[in-house]
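Please look over the structure shown here before reading on, since the paragraphs below are meant to be followed with the model in view.

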Amino acid sequence: MTTIDWTDPRHPVSSHFTVHEALWLPSARMYALPTDEEKANIVDLAVRMERVRELLGVPIHVHCWMRPRWYNATIKNSSPNSQHLHGKAVDFHVYGYEGATGCARARSIILPHLEEFGLRMEDVRGAWVHLDSGPVINKRFFRP
């Protein structure tokens, strides 16, 4: 892949994910400013997310990816050690799998592939899916 222009929201980070998706902070209506290490983490996770997208066969709508510490503190029930802080986590829903029921279906499809994709997934009930590339402590499917 060519060099990523992190100042251009439309610039691709991977085949199907953009700088906008990786850095947009919806509640603050602004972009995160990642470090070089965080940019590398974002690119690594984007490659893994391409595999998830291919598995599901439909587009993914990113809710939130990179979160600066100040922004993370504004998110209800967010961990102070969230992988979002490092560009290693993404919350999303999958087109055709909307709502809590749809996201539960998407999680059930992704679950058997977590180790293969090098990902972890939160065991939550909600209208989003959380995947991250953080270290596996006890298991890949975990309660936050």
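The text that follows goes from the nonpolar core to the cysteines, then to two buried positions, two backbone angles and a pocket.

The model is a predicted one, and its interior is a sensible place to begin. In soluble globular proteins, nonpolar side chains tend to be buried together. Here the largest nonpolar core has 34 residues, and those with the most contacts inside it are Met49, Val52, Trp65, Phe92, Ile110 and Leu131. Several elements give two or more residues to this core, namely the helices α1 (19-23), α2 (36-56), α4 (99-110) and α5 (114-117), together with the strands β3 (60-64), β4 (89-94) and β6. The largest share comes from α2, which supplies six residues. Ile110 shows how such elements are brought together: leaving out residues up to four places away in sequence, Ile110 touches Val52, Leu55 and Leu56, as well as Phe92, Met121, Val129 and Leu131.

Which cysteine sulfur is nearest to that of Cys64? The sulfur in question belongs to Cys103 and is 15 Å away, and Cys64 is in no disulfide. Because a disulfide requires two cysteine sulfur atoms within 2.5 Å, the 15 Å between the sulfur of Cys103 and its closest cysteine sulfur, in Cys64, is too far for a bond. The count of disulfides accordingly comes to zero. Both cysteines are nevertheless buried, Cys64 with a relative accessible area of 6% and Cys103 at 0% relative accessibility.

Burial is also found outside the helices and strands. Leu85 lies in the loop between α3 (69-72) and β4, yet Leu85 is buried, with a relative accessible area of 7%. If neighbours within four places in sequence are left aside, Leu85 is in contact with Glu38, Met66, Arg67, Pro68, Arg69, Asn72 and Pro80. Between Leu85 and Thr7 the separation is 78 residues in sequence and 19 Å in space, taken from C-alpha to C-alpha. His11, placed in the segment before α1, is buried as well, with a relative accessible area of 17%. The contacts of His11, not counting residues up to four places away in sequence, are with Thr2, Thr3, Ile4, Asp5, Thr18 and Val19.

Two residues call for attention on account of their backbone angles. Arg29, in the loop between β1 (24-25) and β2 (30-31), has a positive phi of about 55° although it is not a glycine, and at 64% relative accessibility Arg29 counts as exposed. Asn77, which is found in the loop between α3 and β4, likewise has a positive phi, of about 65°, without being a glycine. Asn77 is exposed, with a relative accessible area of 74%.

Asn77 leads on to the last feature, the largest pocket, in which about 400 Å³ of space lies. Of the 19 residues that line this pocket, the closest to its centre are Asn77, Ser78, Glu122, His130 and Pro144. The elements that give two or more residues to the lining are β5 (120-122) and β6 (129-132). How do the lining residues divide into nonpolar, polar and charged? Four are nonpolar, nine are polar and six are charged. The strand β6 thus appears on two lists, among the elements that give two or more residues to the largest nonpolar core and among those that do so for the lining of the largest pocket.

Technical notes. Residues are numbered from 1 along each chain as its sequence is written. This is a predicted model: local features need pLDDT of at least 70, side-chain atom pairs count only at pLDDT 80 or more; totals for chains, interfaces and linings use all residues. Side-chain values use heavy atoms; hydrogens and water are left out. On a 1 Å grid over the protein atoms alone, a cavity is a set of points where a 1.4 Å probe fits but cannot get out, and a pocket is an open set with protein on both sides within 12 Å along at least five of seven lines; lining residues have an atom within 4 Å of a point. Grid points are joined across faces, edges and corners, and a volume is the space filled by probe spheres set on the points. Helices (H or I, at least four residues) and strands (E, at least two) are DSSP runs, numbered from the N terminus. Ala, Val, Leu, Ile, Met, Phe, Trp, Tyr, Cys and Pro count as nonpolar, Asp, Glu, Lys and Arg as charged, and the others, Gly among them, as polar. Buried means under 20% relative accessible area, exposed over 50%, partly exposed in between (1.4 Å probe, protein chains only). A nonpolar core is a set of buried Ala, Val, Leu, Ile, Met, Phe, Trp, Tyr and Cys residues joined through side-chain atoms within 4.5 Å. Contact means heavy atoms within 4.5 Å.
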